[in-house]
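Subject: Structure handover

Hello,

Here is the structure I promised to pass on. Please open it alongside this message.

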Amino acid sequence: MRTEVFAHPVSFRRAPRAEAERLRKAGVDRVRLAYAYHGGRWLLTTSDPAAVVDFSAGRWFDPQREERGDGKGRPPLALPVLGDEATAAADALAACGVGVTGWLVGLHQSHLATARPELALRNAFGHPYRHALCPAQPDVVRYARTLVAETAGQPAVSGLELEAFGYLGWQHQSAHEKSGAALRPADRWLLSLCFCSACSARFSEAGVDGEEAAARTRAAVLGQLADPRPAGGVAEDAVTALGKDLHDTLLAVRADVTTDLVRAAAEASGGLPLSVRATDDRYACDGKSSGDLRALASAAGALTVTNLAGDLPALRRDLVAAGRTGGGIAAGWNLGATQTRSEEELMDIAHQARAHGASSLVLYAYDLAPAPRLEWLRRLPREPVGGVTTLYDSPPKRQTEPAR
């Protein structure tokens, strides 16, 4: 089983070759390197211990292409270029024999959703969410395809990791969010339903009355705000709010929209191996693509199932579900001090991931977890998973047709 880590280019800013060599010596086979990322504030542990690094949302590579408008006097939907640190980091990693996967955070982009609110998620009350683009919007699909195509063409990139390629949710840990309401999981999901023009069109195509769906959603949320009820199961509460037929159809439409987006991204990848961050939780709105795992695996080729909150039972559930799809599987876990309490616990997680068919264990994140834990990686199981081909075992076949 391969050992991989998630990493941000800021960790390679001061000494890219030294950081790459540090990872190689720790037994890291591959780095899933952020080429496009949301804004953040990281407390570094390794490359520059105790440094607090603030960065905006954007891409960390220069696509070196002429920016063109959309014919309507508006700029193209594209992330700002924050620097070329991803290119320098990838070159250093490749020189050390460490593989590079381009990690793309796609639709969780406050800069774009704020600048183009007509393309953002819009809830049943008509409020746009400034942190998330809607995957049903054609302009958003074009943006995602372009981002994938540009990253696939970067030097040293030999695979792609898609995160936040699907619907995100109401909850978003930023801007000091405050809420005194007793929201149930179902209410949080209902507040995450999108009723923008593109989603409404998809609902109509599926025979759903979008106005009725929005009205039922509003009634359920307003009722909970006024008279909090205890939570039952999320599915039970959601069905009660919407009615079974409407509930089931909305889930199916959202699953189809997400699969369509991932399929469009895969078509733009130039033949590079591609994995999508996914979950079997149909109500998830946290950056993982949710819906039909079999369809997502077919569209992307492989699934990355993660639990960065330290919930091992939840990770196991997703691994079991991913194993039924027939696609490649990578398991992601948080190496942070709160989520992983000991080396023995990490070894147990690695063995469980391998037993469920994962060909890679991907750890989050380099330069956030305590630096001495890199030594633990040397002792992780290395033997291959029987009968499972890893995502990067064979060289990719690049397509010659340009992305559209």
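Below is what I found in it, from the overall fold down to single residues.

Overall picture

Please keep in mind that this is a predicted model. The chain has 13 helices and 14 strands. Its radius of gyration is 21 Å, close to the 22 Å that the globule rule gives for 404 residues, so the chain is as compact as a globular protein of that length. The C-alpha trace spans about 60 × 50 × 45 Å along its principal axes. Of the 404 residues, 55% are buried. Take the contacts between residues at least 6 apart in sequence: 76% of them join residues at least 24 apart.

The accessible surface comes to about 17000 Å², and carbon and sulfur atoms hold 50% of that. On charge, there are 46 positive and 47 negative side chains. The centres of these two sets lie 2 Å apart.

The core

The largest nonpolar core has 131 residues. Leu33, Tyr143 and Leu361 touch the most other members. Helix α9 (residues 244-267) gives the most to this core, with nine residues. Leu33 has contacts well along the sequence, among them Ala86, Ala89, Ala90, Val100 and Trp103.

Thr259 also lies in helix α9. Thr259 is buried, with a relative accessible area of 6%. Beyond four places in sequence, Thr259 touches Ala295, Leu296 and Ala299.

Helix α2 and its surroundings

Helix α2 covers residues 85-95. Its buried residues are Glu85, Ala86, Thr87, Ala89, Ala90, Ala92 and Leu93. They pack against α1, β2 and β6 (99-105). After α2 comes Gly97, with a positive phi near 85 degrees.

Gly97 is also one of the contacts of Asp29. Asp29 sits in the loop between α1 (16-25) and β2 (30-37). At 23% relative accessibility, Asp29 counts as partly exposed, because the cut-off for buried is under 20%. Setting aside neighbours within four places, the other contacts of Asp29 are Arg2, Thr3, Val98, Gly99 and Arg382. Asp29 and Val100 are 71 residues apart in sequence, yet 9.0 Å apart in space, C-alpha to C-alpha.

Thr87 of α2 turns up again in the contacts of Gln154. Gln154 is in the loop between α4 (138-152) and β9 (157-163). Gln154 counts as buried, at 11% relative accessibility. Besides Thr87, Gln154 touches Tyr35, Phe61, Asp62 and Pro63, leaving out residues up to four places away in sequence.

Backbone points to check

Most residues other than glycine have a negative phi, and most peptide bonds are trans. Three places here depart from that pattern.

- Ala50 has a positive phi, near 80 degrees. Ala50 is in the loop between β3 (40-43) and β4 (52-55). At 59% relative accessibility, Ala50 counts as exposed.
- Ala164 has a positive phi too, near 60 degrees. Ala164 is in the loop between β9 and α5 (185-190). Ala164 is buried, with a relative accessible area of 2%.
- The peptide bond from Tyr364 to Ala365 is cis, with omega near -10 degrees. Ala365 lies in the loop between β14 (360-364) and α13 (374-378).

Best regards

Terms used. Residues numbered from 1 in each chain as written. Predicted model: local features only at pLDDT ≥ 70, side-chain atom pairs only at ≥ 80, totals over all residues. Heavy atoms only, no water. Helix = DSSP H or I, 4+ residues; strand = E, 2+ residues; numbered from the N terminus. Rg over C-alpha atoms; globule rule 2.2 N^0.38 Å. Buried < 20%, exposed > 50% of the residue type's maximum accessible area, 1.4 Å probe, protein only. Contact = heavy atoms within 4.5 Å. Areas by Shrake-Rupley, 256 points an atom, 1.4 Å probe, with all protein chains shown as cover. Lys, Arg positive; Asp, Glu negative; His and termini not counted. Charge placed at Lys NZ, Arg CZ, Asp CG, Glu CD. Core = buried A, V, L, I, M, F, W, Y, C linked by side-chain atoms within 4.5 Å.
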